[in-house]
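Got the viewer open? Set it to cartoon, keep the selection box handy, and follow along stop by stop.

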Amino acid sequence: MRALHGLESQIGIQIARGPRVEGYAVNGGADWEVPGSGMRIRHLHQLYALSDDKYTGRSTVPVLWDAESGKILSNDSRAMMRALNAFGRAKGGAELDLAPDDLCDEIDAWNDWLFCNLNNAVYRAGFAENQRAYEDAVATVFSALDDLELRLSRHRYLLGSRITEADWRLFVTLVRFDSVYAVLHRCCLRRLTDYPALWSYARSLYALPGIALTVDFGEILDGSYRNDTAHNPHKITPVMPDIDWNDRI
């Protein structure tokens, strides 16, 4: 959303990466100066404590940090996407509205469906602790992909001819599917590349201006395989699948 609205100069970004010794590291394990605070931290939980010294919950990403107030404004990806869309329009990008009022109800319904049946289901499969839970989650994942393949064989985007926020919520799972979820999370019944419409759709989103720059497959692989030591105790990062995201044919 930040790239689509050209907000890079207004909103900086810091990638949470590195060994998860105390949860997410914020700078590969090195010190990082929190904007507006003068404080230097190494772990994401320190940012949460800086925002609220009484906070004891989970420290999750993404986070929207306000340098002026020294507070976390949000750690809800859906709320952040909607806010960035509104901010982008207010800053002069009114021609691009990924959550138009007339489609918000449909977008919200799709967001709920995607979260339950795909975005979160791949993690239910990957982190399942018994066979039944794993098989149930995998069945949910591939039922969703089958439904999406049928829909996207008939429509350019999820809601028809207009690209919306819901498409980007789908994209972030698709872009990781063959390299992470099909392997590490054992969602291996089929690959994204086995779905002609979905594979074409995912590459068309990837090809939009600025999007490829937001996708770092090395970081995706490293962040998953080097930190999920329960499933990958030797921290071996696999070779990237031999697929071409730049091929639009």
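Start with Phe-177 and show everything around this side chain. Beyond its neighbours within four places in sequence, Phe-177 is in contact with Val-122, Val-141, Phe-142, Leu-145, Ala-182, Cys-187, Arg-190, Arg-191 and Leu-192. Before going further, keep in mind that what you have on screen is a predicted model.

Now add Leu-158 to the selection. Together with Phe-177, Leu-158 has the most contacts inside the largest nonpolar core, a set of 57 residues. To see where that core comes from, colour the elements that give two or more residues to it: α2 (77-93), α3 (104-119), α4 (121-126), α5 (131-152), α6, α7 (196-206) and α8 (217-225). Which of them gives the largest share? That would be α6, with 9 residues. As a general backdrop, nonpolar side chains in soluble globular proteins tend to be buried together.

There is another core to pick out as well. Select Trp-32, Val-34, Ile-41 and Leu-44: they are among the 9 residues of a second, separate core.

**Along α6**

Go back to α6 and select residues 165-181. How many of its 17 residues are buried? The count is 15, so the helix is largely enclosed by the rest of the structure. Put a distance between the C-alpha atoms at its two ends and you should get 22 Å. At 1.5 Å a residue, the expected span of this helix is 24 Å, so the two values agree. Then turn the view until you are looking along the side of the helix and find Val-175, where α6 bends by about 30°.

Keep going past the end of α6 into the loop that leads to α7, and stop at Arg-186. Its phi is near 60°, a positive value in a residue other than glycine. For context, most residues other than glycine have a negative phi. Is Arg-186 buried or partly exposed? At 29% relative accessibility, Arg-186 counts as partly exposed.

**A few charged pairs**

Time to show the charged side chains; the model has 13 salt bridges by the rule used here. A handy one to begin with involves Arg-191, which you have already met as a contact of Phe-177. Arg-191 forms a salt bridge with Asp-194, and their closest N and O atoms are 2.9 Å apart. Both partners are partly exposed: Arg-191 has 44% relative accessibility, and Asp-194 has 36%.

While the charged groups are displayed, select Arg-82, Asp-108 and Glu-165, which are joined into one network by salt bridges that share partners.

Next, jump to Arg-89 and look for Asp-97. These two form a salt bridge with 3.3 Å between the closest N and O atoms, and Arg-89 is partly exposed at 36% relative accessibility.

One more pair: Arg-40 and Glu-33 form a salt bridge, with their closest N and O atoms 3.4 Å apart. Arg-40 is partly exposed, with a relative accessible area of 47%, and Glu-33 is partly exposed too, at 43%.

**From α1 to the hairpin**

Select α1, residues 44-51, and zoom in on His-45. What does His-45 touch, leaving aside its neighbours within four places in sequence? Show Glu-22 and Ser-59, and you have its contacts. His-45 is partly exposed, with a relative accessible area of 31%. If you want a sense of scale, draw a line to Asn-119: the two residues are 74 apart in sequence, and their C-alpha atoms are 24 Å apart in space.

Follow the chain out of α1 into the loop before β3, where you will find Pro-62. Check the peptide bond from Val-61 to Pro-62, which is cis, with omega near 0°. Most peptide bonds, by contrast, are trans.

That brings you to β3 (residues 64-66) and β4 (residues 71-74), which pair in the antiparallel sense over 3 bridges. Select Trp-65 and look across to β4, where its bridge partner is Ile-72. The two strands form a hairpin with 4 residues between them. In the turn, click on Gly-70, which has a positive phi of about 70°.

**Last stop**

Finally, run down the chain to the segment after α8 and select Lys-235. Here is another positive phi in a residue other than glycine, this one near 55°. Lys-235 is partly exposed, with a relative accessible area of 40%.

Key:
Residues are numbered from 1 along each chain as its sequence is written. This is a predicted model: local features need pLDDT of at least 70, side-chain atom pairs count only at pLDDT 80 or more; totals for chains, interfaces and linings use all residues. Side-chain values use heavy atoms; hydrogens and water are left out. The expected span of a helix is 1.5 Å times one less than its number of residues. The bend at a residue is the angle between axes fitted to the seven residues ending there and the seven starting there. Buried means under 20% relative accessible area, exposed over 50%, partly exposed in between (1.4 Å probe, protein chains only). Two strands pair if DSSP finds at least two bridges between them. Contact means heavy atoms within 4.5 Å. A salt bridge is a side-chain nitrogen of Lys or Arg within 4 Å of a carboxyl oxygen of Asp or Glu. A nonpolar core is a set of buried Ala, Val, Leu, Ile, Met, Phe, Trp, Tyr and Cys residues joined through side-chain atoms within 4.5 Å.
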